[in-house]
Amino acid sequence: MRQRRSRSVIERIVREHVDNAAQLLAMLGTTSSARGTVAAHAALALRCEANLDALRIAGDAGLTAAHDALDDDPDAAAVLAILLAESAPATPSAARLAVALLHDDAPEIRQAAWWGLRLAPAQAIEPHLRTLAERGAWTPARAAALDILAFHRLPVRTPVPEPPREDGDEVAWLLAEAGGRVPGAWTAAHLARYLAHDSARVREAALRASARSGLPQLAAVCRGAVAQGGPAEAIAFLGVVGGTEDVDRLLHAATHRRTAVAAVRALGRLGSPAAVPALLYCLGESRTTAAAVAAILRVTGEDVPRGAPEPPPPGLTEDQLDEWEPHAPIDLGAAAAWWRDAAPRYDPARRYQHGLCVSDDPLGVLDRLPLDVRTEVYLRERALAPGTPDWELETW
C-alpha cells in the first residue's frame, strides 16, 4: 500500500512538471514576438528548463507523463517532442516518434510539436526530418519538417515552392517561415506570390523572410504597397526597411481611411522624430488613436499623457463593477506640451526605438529593446546591411 501511494505521489509530481513545462513553452512561443523584455523571456526559459530537467531525471516516467497529457493539453506535445529528440541518440526509435507528432490530426498538437522541435537538439532527428521534407505532397508535416531543418540551419536541398492549394494557411505559413532561413531559397517571385496570399500571417512571414534574405526589392515592394493601398502588412513593414525619405509618403497614407492604421504603424517602426507631431494629430482621430499611441511609444519609449479615468456609469451591479475597467482618455493638450519638452532630446536625422537611438549601433542595443522591437531592428539590419550575422532570436 505504501509503495502504491508513493508511486502515485511521484506520478502527480511528474505530471505537474509536464504541465508547468507545457505552459512555459507556450508562453515562450508568444513572448518571442510580444512586448516583453529580454530579461523576462530569459527568466521564463530558466523556469522551463528547470521543469524539463526534472522530466529528464524522471526518464521513461517523464515521457509517459508527457504523452498522457496530450489528451488534456495539446501544448504538452512541445514537451514530448523535446524529450523524445533528446532521447533519440540513445534510443533511435524516439527520433521517429518525435517527428511523427508533426502528422497528428489535431492542429494544436502539430503546432506545439513544431515549436518543441525548433527548440530541441536536431542532430538525431535530422534524418527523419529530411526524409519527410524532401518528398511527397506539401502537407503541414512536410512543411514543418522543412522549417525545422531551416531553423536549425541544417542544409536544405528542397526548394521553397509556390503557396500550395490548401484549406487554411498552415502549409504556406510554414514554407514562408522556412524560406528566409535557407540561403538563396527566397526570391522576389516568392515575395510576390506569398504577399498575394489571403492570410495575414503568411504575408507577414513572407516579409520577414524577405528581410532575413536581404532581398534587394523589399523596400520597393513596400513602397509600392503604400501607393496601391495595400496589403496593409507591406505598408506597415516599410517602417522596418524604409528611411527618412519615406516619412512624407507615410504621412500622406495616414490621411486615407484604407491605409491610415498601417501607415501609422509604419511611422512608429520607422522611428523618425520628425513624424511625432503628425502622430500627435493622429491621436485625435478615432480610427488611428490606438495605432498612434503605440507608434509614439515605439519611437520614444513613453506613454502619451492621459486624463483622469472615467467613472463607471451609474446603475452597475456589484458583479458588473468588479468587471469594470476604467478608461483614461488621452489628454491631447498635455501630449503636445510633453512633446515640446521632449523633442530637443531627439535628433531628427536619426532613428529611435523606445527612446534609444538605433542609427549608429542597432545590434548593440538589441537586448535593451522589447522583444518585438528587437526582432524588427534586427530584420532591418539583415535586409539592408550586408554581412549582418545570421542570428536566431526566436530560440531559447
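Select His197 in this predicted model, and you will find this residue in the loop between helix 10 and helix 11. His197 has a relative accessibility of 15%, and because buried means under 20%, the residue counts as buried. If you then display what surrounds His197, leaving aside residues up to four places away in sequence, the residues that it touches are Pro163, Gly168, Asp169, Ala172, Val202 and Arg203.

From that loop, step back into helix 10, which covers residues 188-195, and colour its buried residues, which are His190, Leu191, Tyr194 and Leu195. These four lie on the same side of helix 10, because they cover an arc of only 115° around the axis. To see what lies over them, show helix 9 (170-179), helix 11 (200-212), helix 12 (218-228) and helix 13 (232-241), which are included in what covers the buried residues of helix 10.

Of these neighbours, take helix 13 next, which is mostly covered, with 9 of its 10 residues buried. The buried residues to select in helix 13 are Glu233, Ala234, Ile235, Ala236, Phe237, Leu238, Gly239, Val240 and Val241. What covers them includes helix 10, where you have just been, together with helix 11, helix 12, helix 14 (247-253), helix 15 (260-270) and helix 20. Before leaving this part of the chain, look at Pro231, which lies in the loop between helix 12 and helix 13. The peptide bond that leads from Gly230 to Pro231 is cis, with omega near 5°, and this deserves a look, since most peptide bonds are trans.

The next stop is empty space. Rolling a probe the size of a water molecule over the atoms shows where such space is left. In the whole structure a search finds 4 cavities of 30 Å³ or more, and the largest of them has a volume of about 60 Å³. To outline this largest cavity, select its lining, which is made up of Arg212, Thr375, Tyr378, Leu379, Trp391, Glu392, Leu393 and Glu394. Helix 20 (residues 371-384) gives the largest share of that lining, 3 residues, and the lining as a whole divides into 4 nonpolar, 1 polar and 3 charged residues.

Now move to the second largest pocket, which has a volume of about 170 Å³. This pocket is lined by 13 residues, and those that lie nearest its centre, and so make a good selection to begin with, are Gly59, Asp60, Leu63, Leu83 and Ser87. Two or more lining residues are given by each of helix 2 (38-58), helix 3 (60-69), helix 4 (76-87) and helix 5 (92-100), with the largest share, 4 residues, coming from helix 4. By kind, the lining of the second largest pocket divides into 6 nonpolar, 4 polar and 3 charged residues.

For the aromatic side chains, of which a search of the whole structure finds 7 pairs, begin with Trp114 and Trp115. The centres of their rings are 6.3 Å apart and their planes stand at 45°, so this pair is tilted; Trp114 is buried, and Trp115 is buried as well. Another pair to select is Trp338 and Trp339, whose ring centres are 5.7 Å apart and whose planes stand at 50°, so that this pair is tilted too. Both Trp338 and Trp339 are buried, and they form one aromatic cluster with Tyr346 and Tyr352.

Go next to His327, in the loop between helix 18 (318-323) and helix 19 (332-342). Because its relative accessibility is 43%, His327 counts as partly exposed. Leaving out residues up to four places away in sequence, His327 touches Arg306, Ala308, Pro309 and Glu310. A distance drawn from His327 to Pro140, C-alpha to C-alpha, spans 43 Å, while the two are 187 residues apart in sequence.

The tour ends with two backbone details. Most residues other than glycine have a negative phi. Select Arg153, in the loop between helix 8 (140-151) and helix 9, where phi is positive, about 55°, although the residue is not a glycine; Arg153 is partly exposed, with a relative accessible area of 29%. Then select His354, in the loop between strand 1 (352-353) and strand 2 (356-357), which is likewise not a glycine and has a positive phi of about 50°.

How values were computed
Residues are numbered from 1 along each chain as its sequence is written. This is a predicted model: local features need pLDDT of at least 70, side-chain atom pairs count only at pLDDT 80 or more; totals for chains, interfaces and linings use all residues. Side-chain values use heavy atoms; hydrogens and water are left out. Buried means under 20% relative accessible area, exposed over 50%, partly exposed in between (1.4 Å probe, protein chains only). The arc is that of the directions from the helix axis to the C-beta atoms. Contact means heavy atoms within 4.5 Å. On a 1 Å grid over the protein atoms alone, a cavity is a set of points where a 1.4 Å probe fits but cannot get out, and a pocket is an open set with protein on both sides within 12 Å along at least five of seven lines; lining residues have an atom within 4 Å of a point. Grid points are joined across faces, edges and corners, and a volume is the space filled by probe spheres set on the points. Ala, Val, Leu, Ile, Met, Phe, Trp, Tyr, Cys and Pro count as nonpolar, Asp, Glu, Lys and Arg as charged, and the others, Gly among them, as polar. Rings of Phe, Tyr and Trp (its six-membered ring) pair if their centres lie within 6.5 Å; planes under 30 degrees apart count as stacked, over 60 as edge-to-face and the rest as tilted.
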